Amino acid sequence: MVEESSSEKTNSSRTRRATNTTISAAGNLVKLLPTGTVFVFQFLNPVVTNSGQCKTTNKWLSAILLLLCGFGCAFSSFTDSYTGSDKQRHYGFVTRKGLWPSPASDSVDLSGYRLAVSDFVHAALSLLVFAVLGLLDTNTVHCFYADFESTQKTLLQVVPTVIGVLAGWGFMIFPNTRHGIGYPLTSDSNETTPKSTDTTTTDPQKNQTDNV
């Protein structure tokens, strides 16, 4: 009895370490995905899976959520944004001719927003990364393949790390310069907000000398 209890504790400890390793690797992968889509998945997944205690309806809802969020990750790679002449941020779809639609784009060169091979690479990598995060999520695992976590601990540790390395390598070769839907806003080369050109500085000592 003592040996069985000790064995169960050891297995539980190994499973916990595998889960922690998976979560750590998953945290690095999340940075490659649209923030909004990841938030929606993390918020709704425990609800639709009933925290892993799935019935048939929960499995259907979870599958639909996975498909929609996966599509959202890939779709975001084909969107971009710019700051228009009205000082507002505008989003559009990337096409072979540029960004569409493109309101208030008089001062913006939209030719730089054309569809490129890198967009398809980013879409494929984003979809792959989300598939790993979504399918290896604890609630998803308990819902669809409950025995997987205890029998494939090594796989749970290795897969997120390997996919993270491959995705990071892919994004390094094809850098993502777009500011699409769901990604954090940063300044771009088309920022039309006027910058101050006044380089004159006030020197207190010079003013004092002038007054004297």
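This is a stop-by-stop tour of a predicted model, with what to select at each stop.

**Whole chain**

Start with everything shown as a cartoon. The chain holds eight helices and three strands. Followed along the sequence, they come in the order α-α-α-β-β-β-α-α-α-α-α. Of the 212 residues, 34% count as buried. Switch on the surface: the accessible area is about 13500 Å², and carbon and sulfur atoms supply 60% of that. Among contacts with a separation of 6 or more, 65% join residues 24 or more positions apart.

**Colour by confidence**

Now colour by pLDDT. The chain average is 75, and 70% of the residues score at least 70. Select helix 3, where confidence is highest, at a mean of 94. Then select helix 8, residues 204–211, where confidence is lowest, at 46. Next, pick residues 1–12. Their pLDDT is below 50, and beyond near neighbours in sequence this stretch makes zero contacts in the model. Residues 18–25 also have pLDDT below 50, but that stretch has ten such contacts. Where pLDDT is low, the predicted coordinates should not be read in detail.

**Helix 2**

Select residues 35–48, which form helix 2. At 1.5 Å a residue, its 14 residues should span 20 Å; the end C-alpha atoms are 20 Å apart, so the two agree. Show side chains for the buried residues: Thr 37, Val 38, Phe 41, Asn 45 and Val 48. An α-helix has 3.6 residues a turn, so residues three or four places apart point the same way.

Step on to Asn 50, which follows helix 2. Asn 50 lies in the loop between helix 2 and helix 3. Its phi is positive, near 55°, and Asn 50 is not a glycine. Most residues other than glycine have a negative phi. Is Asn 50 buried or exposed? It falls in between: at 41% relative accessibility, Asn 50 counts as partly exposed.

**The disulfide**

Stay in that loop and select Cys 54, then add Cys 143. A disulfide joins Cys 54 to Cys 143, with the sulfurs 1.9 Å apart. The count for the model is one disulfide. The pair links distant parts of the chain: Cys 54 sits between helix 2 and helix 3, while Cys 143 is in helix 5 (residues 138–144), 89 residues apart. The torsion about the S-S bond is about -110°, so this disulfide is left-handed. Cys 143 is buried, at 6% relative accessibility.

**Helix 3**

Move to residues 56–76, which make up helix 3. Its 21 residues should span 30 Å at 1.5 Å a residue; the end C-alpha atoms are 31 Å apart, which agrees. Light up its buried residues, including Asn 58, Ser 62, Leu 65, Leu 66, Gly 70 and Ala 74. What do the buried residues of helix 3 pack against? They pack against helix 2, strand 1 (79–83), helix 4 (117–135) and helix 5.

Now show Cys 69 and Cys 73. Why is there no bond from Cys 69 to Cys 73? The sulfur of Cys 69 is 6.9 Å from that of Cys 73, its closest cysteine sulfur, which is too far for a bond. Cys 73 is in no disulfide. Cys 69 is buried, with a relative accessible area of 6%. Cys 73 is buried too, at 0%.

**Annotated segments**

An unreviewed UniProt entry lists residues 60–79, 115–135 and 155–174 as "transmembrane region". Select 60–79: the chain here is 85% helix and 5% strand, with end C-alpha atoms 29 Å apart. Then select 115–135. This segment is 90% helix and 0% strand, and its end C-alpha atoms are 30 Å apart.

**Two loop stops**

Go to Lys 87, in the loop between strand 1 and strand 2 (89–94). Lys 87 is not a glycine, yet its phi is positive, about 65°. At 45% relative accessibility, Lys 87 is partly exposed.

Finish at Pro 103, in the loop between strand 3 (99–100) and helix 4. Which residues does Pro 103 contact, leaving aside its neighbours within four places in sequence? Show Tyr 82 and His 90: Pro 103 is in contact with both. Add Gln 88, 15 residues from Pro 103 along the chain; the two C-alpha atoms are separated by 10.0 Å. Pro 103 is partly exposed, at 38% relative accessibility.

Conventions. Residues numbered from 1 in each chain as written. Predicted model: local features only at pLDDT ≥ 70, side-chain atom pairs only at ≥ 80, totals over all residues. Heavy atoms only, no water. Disulfide = S-S within 2.5 Å. Helix = DSSP H or I, 4+ residues; strand = E, 2+ residues; numbered from the N terminus. Buried < 20%, exposed > 50% of the residue type's maximum accessible area, 1.4 Å probe, protein only. Expected span 1.5 Å × (residues − 1). Contact = heavy atoms within 4.5 Å. pLDDT = per-residue confidence, 0-100. UniProt positions renumbered as here; feature names shortened; annotations may be inferred. Areas by Shrake-Rupley, 256 points an atom, 1.4 Å probe, with all protein chains shown as cover.
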